[in-house]
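Here are my notes for you, set out as numbered points. I hope they are handy to have beside the viewer as you go through the chain.

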Amino acid sequence: MEPGSKVESFFLKKSGKKFIYKPTEKIPVIQVGNIPELGELTAFRFVEWLQANPEGVVSLPTGKTPEYFIYWFTHIMKNWDKPEIRQKLKNTNLIPKRNRI
């Protein structure tokens with residue numbers, strides 16, 4: 001079993017772990033090294049979702065829980081054309097064209 005997302009596949013490969021360890025595990029997991037990296041994964045996965053669903057509507061949580069997601073999403077949007085973000089978009093196989101995001 002493999003993730004259906006390009007971003008998830010990138011972070012899974014980066015982790016060096018399997019998506020699921022059968023037969024004991026029943027739910028696939030992508031392990032990251034820390035909370036900020038989880039925020040980064042989530043933000044890039046959200047960009048991927050936005051590119052696939054330009055008319056989509058979402059409701060996002062507030063408070064401390066999404067802190068790193070908000071940080072990374074803002075960082076990605078503000079720095080879209082900078083080499084650091086362009087490389088991360090390339091690494092995660094995302095479309096570098098911003099469109100309506």
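1. A word on terms before the first residue comes up: helices here are DSSP runs of H or I with at least four residues, numbered from the N terminus. On that basis, His 75 sits in helix H3. Please keep in mind throughout that this is a predicted model.

2. Let me begin with the overall layout. The chain holds four helices and zero strands, and its elements read α-α-α-α starting at the N terminus. The C-alpha trace covers about 45 × 30 × 25 Å along its principal axes. Of the contacts with a separation of 6 or more, 53% join residues 24 or more positions apart.

3. Next, burial and surface. The chain has 101 residues, and 31% of them are buried. About 7,100 Å² of the chain is exposed, with carbon and sulfur atoms supplying 56% of that area. As for charge, there are 17 positive and 10 negative charges, and the mean positions of the two sets lie 3 Å apart.

4. Helix H2 deserves a good look. This helix has 18 residues and extends 26 Å from first C-alpha to last, close to the 26 Å expected at 1.5 Å a residue. At its start, a side-chain oxygen of Asn 34 comes to within 2.8 Å of the backbone nitrogen of Glu 37. Glu 37 is itself among the buried residues of H2.

5. What do the buried residues of H2 pack against? Their partners are helix H1 (6–15), H3 and H4. The buried set includes Leu 41, Ala 43, Phe 44, Phe 46, Val 47 and Leu 50, and it also takes in Glu 40, Glu 48 and Gln 51. As background, residues three or four places apart point the same way because an α-helix has 3.6 residues a turn.

6. Helix H3 covers residues 67–78. Its twelve residues should span 16 Å at 1.5 Å a residue, and the end C-alpha atoms are 17 Å apart, so the two values agree. Phe 69, Trp 72, Phe 73, His 75, Ile 76 and Met 77 are buried in this helix. The buried residues of H3 pack against helix H2 (35–52) and helix H4 (83–91).

7. Is His 75 buried or exposed? His 75 counts as buried because its relative accessibility is 16%, and the cut-off for that class is under 20%. Setting aside neighbours within four places in sequence, His 75 makes contact with Glu 84 and Ile 85.

8. Val 7, in helix H1, is worth selecting too. Val 7 has 0% relative accessibility and therefore counts as buried. Beyond its neighbours within four places in sequence, Val 7 is in contact with Leu 41, Phe 44, Arg 45, Glu 48, Thr 92 and Leu 94. Among these partners, Leu 41, Phe 44 and Glu 48 are also on the buried list of H2. For a sense of distance, Val 7 and Asp 81 are 74 residues apart in sequence and 19 Å apart in space, C-alpha to C-alpha.

9. Now to the loop between H1 and H2, which is where Lys 22 is found. The peptide bond from Lys 22 to Pro 23 is cis, with omega near 5°. Pro 23 also belongs to this loop. Lys 22 counts as exposed because its relative accessibility is 63%. From Lys 22 to Glu 84 the separation is 62 residues in sequence and 37 Å in space, C-alpha to C-alpha.

10. Val 29 lies in the loop between H1 and H2 as well. Which residues does Val 29 touch, not counting those up to four places away in sequence? They are Leu 12, Lys 18 and Phe 19. With a relative accessible area of 38%, Val 29 is partly exposed. The C-alpha atoms of Val 29 and Gln 87 are separated by 25 Å, and these residues are 58 apart along the chain.

11. One last stop is the segment after H4, where Asn 93 lies. Phi of Asn 93 is near 60°, a positive value in a residue other than glycine. Asn 93 is partly exposed, its relative accessible area being 48%.

Key: Residues are numbered from 1 along each chain as its sequence is written. This is a predicted model: local features need pLDDT of at least 70, side-chain atom pairs count only at pLDDT 80 or more; totals for chains, interfaces and linings use all residues. Side-chain values use heavy atoms; hydrogens and water are left out. Helices (H or I, at least four residues) and strands (E, at least two) are DSSP runs, numbered from the N terminus. The expected span of a helix is 1.5 Å times one less than its number of residues. Buried means under 20% relative accessible area, exposed over 50%, partly exposed in between (1.4 Å probe, protein chains only). Contact means heavy atoms within 4.5 Å. A polar contact is a pair of N or O atoms within 3.5 Å; within protein, one must be able to donate a hydrogen and the other to accept it, and residues adjacent in sequence count only if both atoms are side-chain atoms. Accessible areas come from the Shrake-Rupley method with a 1.4 Å probe; for residues, only the protein chains shown count as cover. Lys and Arg count as positive and Asp and Glu as negative; His and the chain ends are not counted. The place of a charge is taken as NZ of Lys, CZ of Arg, CG of Asp or CD of Glu.
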